[in-house]
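User: Could you walk me through reading a few local features in a model like this one? I would like the general idea and then the case at hand.

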Amino acid sequence: MSSVPPRRLVVWCPDWPVVAAARAADLGPLVPAAVFAANRVVACSATARSTGVRRGMRRREAQGRCPELVAYEHDPARDARLFEPVVAAVEDVVPGVEVVRPGLVAVPARGPARYFGSEAAAAEKVLDQIDAQVGVECQVGIADGLFAAVLAARRGQVVEPGRSREFLVPLAIEEIDQFTDRLTERGAAELAELVDLLRRLGIRTLGEFAALSPADVATRFGRFAMLAHRAAAGREERPVLRRRPSPELEVAETLDPPVDRVDQAAFVAKVLADRLHARLAELGLACARLGISARTEHGEELHRVWRCAEPLTPSATADRVRWQLDGWLHGRGRERRPTAGVGLLTLRPEEVVGAGGLQLDLLNAATGEADARAGRAFARVQGMLGPDAVLTGVLDGGRDLRDRVRFVPWGDERRPALDPDQPWPGRIPAPSPSVVPDSPWPAVVLDAQGRPVGVTERHRLTAAPRRVEVSGGRSREVVRWAGPWPVAERWWVELLSDGAGQTAPVAQLPPRSVVRMQVVLAGEGGSGGDDLDEGEVALLLVHEASRWWVQGAYK
């Protein structure tokens, strides 16, 4: 059996998420626009790129580089719905269309090349058909294998038969980005980690990656990298020998009454997806290419095949069915839409692989489903309330408790501003307080005679603490205490000030001098021993600006 992959003709619509969003909003192609997911750029228009906007850039940075940038939220359903007319136009010219993702379709190249006389003639016919029916910009590429054909389409190139490996060798390692199904957040995240790791190892091109031993790739990088390694070497993403799906795996549902609303069809799609994957699981299989068929009440037949780099999960299957039905019912031209509701919906796995191709989470039934759902929910809240509505904590460096935790908007890079692993002399040792208030609580520390306890210029207590009153409440007895520990920060700022008291520009914060102390307050049951008794509470007190404050509580 020949090791050369079959010839593929791929149609690529550049920046399709932006094109779809702009068409839905009736905006022109020259308006600078970008699509955001989790506060990062997923795709941007050529006009936006000319101002410095790039994919993966944070929203604030993108809007800073292009203030007039029109921002859209990522909507895969919108992308699939508006891409359906493009798929239908390709299908009018060549059969066997497979949707890789919205903006990218693939068909076998052998049949169209024979019918139209050559591969170049077939590509030209497809372009003319799309331009006449849809009027969107697209490019066509032909090569051996899907991955090489996708990269050829991005360059508008026809690679000669048997030359795909030579075509891939000099391309940058970042081109692997076109291998994965970017509809899945997990796939995109794994891919970004793989590219970053390969670059740090000195691997800069697809040829250098393909030259690595498959055994070494599998051992060092894992199964996901093995699929990318096969693609980079000009081979099929999965081995040529595949299992032929049994007709018994097909699942169908009769809809009575027929449905013409996407939300109704989506419910049926989820039920069918669960049934399909339950059958596959019984046989130890996973679906890699999914066929979706629908028949209307008037006998109209609709069929589409979706190809995925990763085996599908139940939710991913349901998503594709919902997107496809939305495209059929609402995304096509009015004259091409079905004249009746969908009465029969069928799902059939066109290609299956061993269940080992789908690595499941130890605690969840589907790989990364909980994380993916949470990420989509966070991004939706940000879209409604703004980027700062959803924050995540990052462990940072510093001595103060409030300095050690920094909150960043969801989707922004979670990198500490200061190294938290540095020694940081004067930092409170572990364990850290279990409660850290947003604003410190005011406190009063009293001695045995009921007089306030202060701090001298030499950072000594004026008396031993006996009672503590927090936020004007009832005072409680101090059963144990430790300290004080003085900390002076940014003292060097004063050395940079001039005679008029003005500090140099490098001084962003004023000097800070505090004294810390830990106390254990007795509960209603009385004093305790070595461990906290019932009702006792330990506090971290800070003396600053001539007052005591509660910066944290240990119980």
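**Reading the local features**

Analyst: Happy to! Let's begin with burial along a helix: helix α7 (residues 146-154) is mostly covered, with eight of its nine residues buried. Keep in mind that this is a predicted model.

User: Which residues in α7 are buried?

Analyst: The buried ones in α7 are L146, F147, A148, A149, V150, L151, A152 and A153. Just as useful is what comes next: α7 is followed by G156, whose phi is positive, near 60 degrees.

User: Now strands, please. How many bridges join β2 to β3?

Analyst: Strands pair through bridges, and at least two are needed for a pair. Here, β2 (residues 33-37) and β3 (residues 40-44) run antiparallel and are joined by four bridges. To follow the register, take A34, whose bridge partner in β3 is C44.

User: What do β2 and β3 form, and what is the phi of A38 in the turn?

Analyst: They form a hairpin with two residues between the strands. A38, in the turn, has a positive phi of about 55 degrees.

User: Let's turn to aromatic rings. How many aromatic pairs are there?

Analyst: The idea is to look for ring centres within 6.5 Å and then compare the planes. That gives three aromatic pairs. In one of them, the rings of Y115 and F116 have their centres 5.0 Å apart and their planes at 85 degrees; planes over 60 degrees apart count as edge-to-face, so this pair is edge-to-face.

User: Are Y115 and F116 buried or exposed?

Analyst: Y115 is exposed, with a relative accessible area of 68%, while F116 is partly exposed at 26%.

User: Why is the pair of W306 and W323 tilted?

Analyst: Their ring planes are at 55 degrees and their centres 6.2 Å apart, so the pair is tilted. W306 lies in strand β10 (residues 301-307) and W323 in helix α14 (residues 314-331), so the pair ties together parts that are 17 residues apart in sequence. Both count as buried: W306 has a relative accessible area of 2%, and W323 has 5%.

User: One last feature: which ring does the charged end of R59 sit over?

Analyst: Here you check the distance to the ring centre as well as the direction from the ring normal. The charged end of R59 sits over the ring of F36, 4.4 Å from its centre. F36 falls within β2, the strand we met in the hairpin. Another case is R547, whose charged end sits over the ring of W549, 4.8 Å from the ring centre.

How values were computed. Residues numbered from 1 in each chain as written. Predicted model: local features only at pLDDT ≥ 70, side-chain atom pairs only at ≥ 80, totals over all residues. Heavy atoms only, no water. Phe/Tyr/Trp six-rings, centres within 6.5 Å; stacked < 30°, edge-to-face > 60°. Buried < 20%, exposed > 50% of the residue type's maximum accessible area, 1.4 Å probe, protein only. Lys NZ or Arg CZ within 6 Å of the ring centre and 35° of its normal.
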